[in-house]
Amino acid sequence: MTNPPKRHQAMLKSICEKLANSRFGIAAMCLLTYLGGFIFPVPSDIMLPPMIIGRPDRWKPLMIACVLCSVAGACSAYLLGFAFAGELATWAQSVNLEEINQATTLMAEYGPPILFIAAFAPIPFKTLALAAGAGAMPLAAFLPAVVLGRAIRFYVISKVTLQGLKWINN
């Protein structure tokens, strides 16, 4: 595979640098990551690579910000599930929402291991976090699974992005 033309590389790097250095770049990434943890339908991973491309020297703080904001979003989903467990179950059954029903079943059967896998893998994590709250999973089991899964996910995304930068710049 050949490298992209140098002018395209320069243009992409310029856009990413502007985003990473803008007043609202990190705040926008954090907000998107937080909302992606419980309501936003687009994966929060979309902003981390451009931010790292723009500021590769800041990959660790950017990754940590994504982990913290994603965990906060997952905790919000958990709290919503916990607070509205009865209403959620009634609503899911009335509209035959299979995703919620499957998530509830998975959480009841497997608990923290499935939550860890969902936190790391590209599957509907927010639905499982909501189901964990609805099922009253203990926070002592919920938080480690979420933190570890999200930390691994964002670490891998960061390292793949940095490796991609090395490949492009060679």
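# A tour of a nine-helix model

Begin by selecting Phe120, Leu148, Ile152, Tyr155, Val156 and Val160, which form a nonpolar surface patch of about 510 Å². A patch is built from residues with over 30% relative accessible area and no salt bridge, nonpolar side chains (Val, Leu, Ile, Met, Phe, Trp, Tyr) being joined within 5 Å and like charges within 9 Å. Accessible areas come from the Shrake-Rupley method with a 1.4 Å probe, and for residues only the protein chains shown count as cover.

The model is a predicted one, in which local features need pLDDT of at least 70 and side-chain atom pairs count only at pLDDT 80 or more, while totals for chains, interfaces and linings use all residues. Residues are numbered from 1 along each chain as its sequence is written, and side-chain values use heavy atoms, with hydrogens and water left out.

**Helix H9**

Next, select helix H9, residues 139–169, which supplies five residues to the nonpolar patch, the largest share. Helices here are DSSP runs of H or I with at least four residues, strands are runs of E with at least two, and both are numbered from the N terminus. Leu148 is part of helix H9; its relative accessibility is 47%, so this residue counts as partly exposed. The classes are buried (under 20% relative accessible area), exposed (over 50%) and partly exposed in between, with a 1.4 Å probe and protein chains only.

Stay on H9 and pick Ala141, which also lies in this helix. Ala141 has a relative accessible area of 24% and is partly exposed. Now add Pro112: its C-alpha atom is 6.0 Å from that of Ala141, although the two residues are 29 apart along the chain.

**Helix H6**

Select residues 98–110, helix H6. Its 13 residues, at 1.5 Å each, should span 18 Å, and the end C-alpha atoms are 18 Å apart, so the two values agree. The expected span is 1.5 Å times one less than the number of residues.

Colour Ile100, Ala103 and Met107, the buried residues of H6. They cover an arc of only 65° around the axis, which puts them on the same side of H6. The arc is taken from the directions between the helix axis and the C-beta atoms. An α-helix has 3.6 residues a turn, so residues three or four places apart point the same way.

Rotate to the face of H6 turned away from its buried side, where the exposed residues Ala108 and Glu109 are found. Then step to Gly111, which follows H6 and has a positive phi, near 60°.

**A loop and a salt bridge**

Move to Pro43, in the loop between helix H2 (25–36) and helix H3 (48–54). Pro43 is partly exposed, at a relative accessible area of 47%. Show Pro124 as well: the C-alpha atoms of Pro43 and Pro124 are 9.5 Å apart, with their positions 81 residues apart along the chain.

Select Arg55 and Asp57, whose side chains meet in a salt bridge at 3.2 Å, N to O. The term means a side-chain nitrogen of Lys or Arg within 4 Å of a carboxyl oxygen of Asp or Glu, and the structure holds one. Arg55 is partly exposed at 23% relative accessibility, whereas Asp57 is exposed at 58%.

**The whole chain**

Finally, zoom out to the nine helices and zero strands. Of the 170 residues, 39% are buried. Among contacts (heavy atoms within 4.5 Å) between residues at least 6 apart in sequence, 78% join residues at least 24 apart. The accessible surface is about 9,500 Å², and 71% of it belongs to carbon and sulfur atoms.
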